[in-house]
Protein chains: 2
Amino acid sequence: MASLSIRVDFDGAGRMGPGKIALLEAVAEHGSISAAGKAMGMSYRRAWELVAELNATFGRPLVAPTIGGRHGGGSVLTPFGAELIEHYRAIEAKAEEAAERHLRALEASLAKAG
Amino acid sequence: MASLSIRVDFDGAGRMGPGKIALLEAVAEHGSISAAGKAMGMSYRRAWELVAELNATFGRPLVAPTIGGRHGGGSVLTPFGAELIEHYRAIEAKAEEAAERHLRALEASLAKAG
């Protein structure tokens, strides 16, 4: 099946694509940036850099530290971080739906294996 | 202005994004793969590789040699090559239109310079 991979370019103010969004989702799932990076086969440093890039693009934190409790020392998404994921996944879904006819035409044109 | 950059993934059979499409458009404009690559700051070898990847994905030529005439020795798009560009540009336009509300919301959330 043909699928779209989408990057949003903010005209000099940064960009946001499947990698950064998957990282944010992994932070929500794993409860820390280091665990999220690890789950994605990414160094701690690289995971922090990607989060820092998003923070700079939007001028506010996407991820916040948790203090105390079972997940003390970890990280959670801020409400804005969660909102960002929702917008991105909605863009993806709406784009695939709008492009469906063309994706099917391209698929029908693929080289047939065997 | 926020804009989308779209790649189409054919599930193991290859991929097609803004670079390959721009190269095909440059072949149509400049009349040869080498001139197209040059216009895009790409080596002749790299330009050929990208065209060959697309040919392999679709099992048919996207670009055909011209023989004789004013453009002898050059290349033109095949009708299928032209069709591919149309599908891709339509996917882009429809995706941006479908995602407009979300792109505006993201734009409104960008860090304000100054």
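The following paragraphs describe the interface of chain A and chain B, then one residue within it.

This is a predicted model, in which local features need pLDDT of at least 70, side-chain atom pairs count only at pLDDT 80 or more, and totals for chains, interfaces and linings use all residues. Residues are numbered from 1 along each chain as its sequence is written, chains are lettered from A in the order in which they are written, and side-chain values use heavy atoms, without hydrogens and water.

Chain A and chain B each bring 34 residues to the contact (heavy atoms within 4.5 Å). The buried area, the accessible area (1.4 Å probe) that two parts lose on being put together, summed over both, is about 2,900 Å², and carbon and sulfur atoms give 65% of that value. Zero salt bridges are counted between the chains (a side-chain nitrogen of Lys or Arg within 4 Å of a carboxyl oxygen of Asp or Glu). On the side of chain A that touches chain B, 21 residues are nonpolar, seven polar and six charged; in this scheme Ala, Val, Leu, Ile, Met, Phe, Trp, Tyr, Cys and Pro count as nonpolar, Asp, Glu, Lys and Arg as charged, and the others as polar.

Strands are DSSP runs of E with at least two residues. S1(A) and S1(B) pair in the antiparallel sense over seven bridges, where pairing requires at least two DSSP bridges. Within this arrangement, Ser3(A) stands opposite Asp9(B).

Ser5(B) lies in strand S1 (residues 3–9) of chain B. Because its relative accessible area is 14%, Ser5(B) counts as buried (under 20%, with a 1.4 Å probe and protein chains only). Beyond neighbours within four places in sequence, its contacts include Ser5(A), Ile6(A) and Pro18(B).

Technical notes:
Helices (H or I, at least four residues) and strands (E, at least two) are DSSP runs, numbered from the N terminus. Buried means under 20% relative accessible area, exposed over 50%, partly exposed in between (1.4 Å probe, protein chains only).
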